[in-house]
Amino acid sequence: MSLEKKIADDKRIIWKYMDFAKFMSLISKNALYFSRIDQFNDQWEGVPPRLYLKFYEGMNKEYYKIFIESLSSNEKKCVPSALIKDEDDVKDLRERTFAHCWHEQAVESVAMWKIYGGNTNAIAIKSTLTKLKNILERKKITDYPDSKIHVNKVVYINHNNEDSYSKAVRKFNEYLDHEKFFFFLKQEPFQYEKEIRALFQLPSKSKKRGTYTEEINLPELIDSVVIQPYSPKWFNELVKGTLKKYQPKIPIEPSQLDNKLFQYNRIDFSKLQEKLGLLHSK
């Protein structure tokens, strides 16, 4: 089974953590926010691994064009359509590639709350890989209908290790060209992110812009909303009221870490002790 087919059948849970401002933008606009890759914090986003650059080091662009024309259709899937050789090539690709990111995990993450929440006033939206892929990959990008959105798991590699890079190539080359492939690779220290990425590229020489928003049917994507644990009562009421106003069909799910779930005062400890034989009869 190909990686693409596995992901299409994948119902694993995914999360997107955000502050209230981003949450408000999401539910009021009915749209997902895509950021330009070169504006991400990681300076290596979309940069080809050193082994790739080393392999094509001796080629010029004219020779590379002849080399591409000599390949079979299957072989062409395994190499970029144009030689990515210098900083200008990488810069051009990064400036016209946009991504929208999620975190894959069966349960909510304390680390993600701390990283993306920053304080006690954050929200997470919950969905599945299947829903994200099915919704986004049938969309056409506004103004660029030929630019397809790809949804995939990020693969974490050692850029200096040939085996690590080769394994990543084998995972992707069935259906994803290398110009997009590089944007699904990240360095191994980022593995904690467990990232699912939705990504698209604009054609060459397209007008530059910093972000994209794509309208979708949010209730079709979002299973539930989770409010950051230990948030004050006023923030809980704010989120509930806002969601009721803009997206009343989307439910709120209590956090697994919320101490309100543990109502110890409801337990009759004397009866529990008696059952355990810890109380002596008078």
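Begin by selecting Ala124 and Val226: Val226, in strand S10, is the bridge partner of Ala124. The model on the screen is a predicted one.

Next, extend the selection to the two strands around this pair. Strand S10 comprises residues 224-227, and four bridges join it to strand S4, with the two strands running antiparallel.

Now select S4 by itself, residues 122-128. Seven of its seven residues are buried, so the strand is largely enclosed by the rest of the structure. To see this, colour its two faces separately. On one side lie Ala122, Ala124, Lys126 and Thr128, and on the other lie Ile123, Ile125 and Ser127; both faces are covered, and these residues are all buried.

Add strand S1, residues 13-19, to the view. Seven bridges join S1 to S4, and this pair too is antiparallel. For a single point of reference, select Lys16, which stands opposite Ile125 in S4.

Leave the strands and turn to two helices. Select helix H2, residues 20-29, together with helix H12, residues 233-246. Their axes are 10 Å apart, and the helices pack at an angle of about 15°. H2 and H12 are therefore roughly parallel to each other. Their crossing is right-handed.

Finally, display the side chains where the helices meet. From H2, select Phe20, Phe23, Met24, Ile27 and Ser28; these meet Phe235, Leu238, Val239, Thr242, Leu243 and Tyr246 in H12. Coloured by character, the residues of this contact comprise nine nonpolar and two polar, with no charged residue among them.

Technical notes:
Residues are numbered from 1 along each chain as its sequence is written. This is a predicted model: local features need pLDDT of at least 70, side-chain atom pairs count only at pLDDT 80 or more; totals for chains, interfaces and linings use all residues. Side-chain values use heavy atoms; hydrogens and water are left out. Axes are lines fitted to C-alpha atoms, for helices over the stretch in contact, and angles run from 0 to 180 degrees between N-to-C directions. Angles under 35 degrees count as roughly parallel, over 145 as roughly antiparallel, 65 to 115 as roughly perpendicular and the rest as oblique. A crossing is left-handed if the near helix is turned anticlockwise from the far one by less than a right angle, and right-handed if clockwise. Contact means heavy atoms within 4.5 Å. Ala, Val, Leu, Ile, Met, Phe, Trp, Tyr, Cys and Pro count as nonpolar, Asp, Glu, Lys and Arg as charged, and the others, Gly among them, as polar. Buried means under 20% relative accessible area, exposed over 50%, partly exposed in between (1.4 Å probe, protein chains only). Two strands pair if DSSP finds at least two bridges between them.
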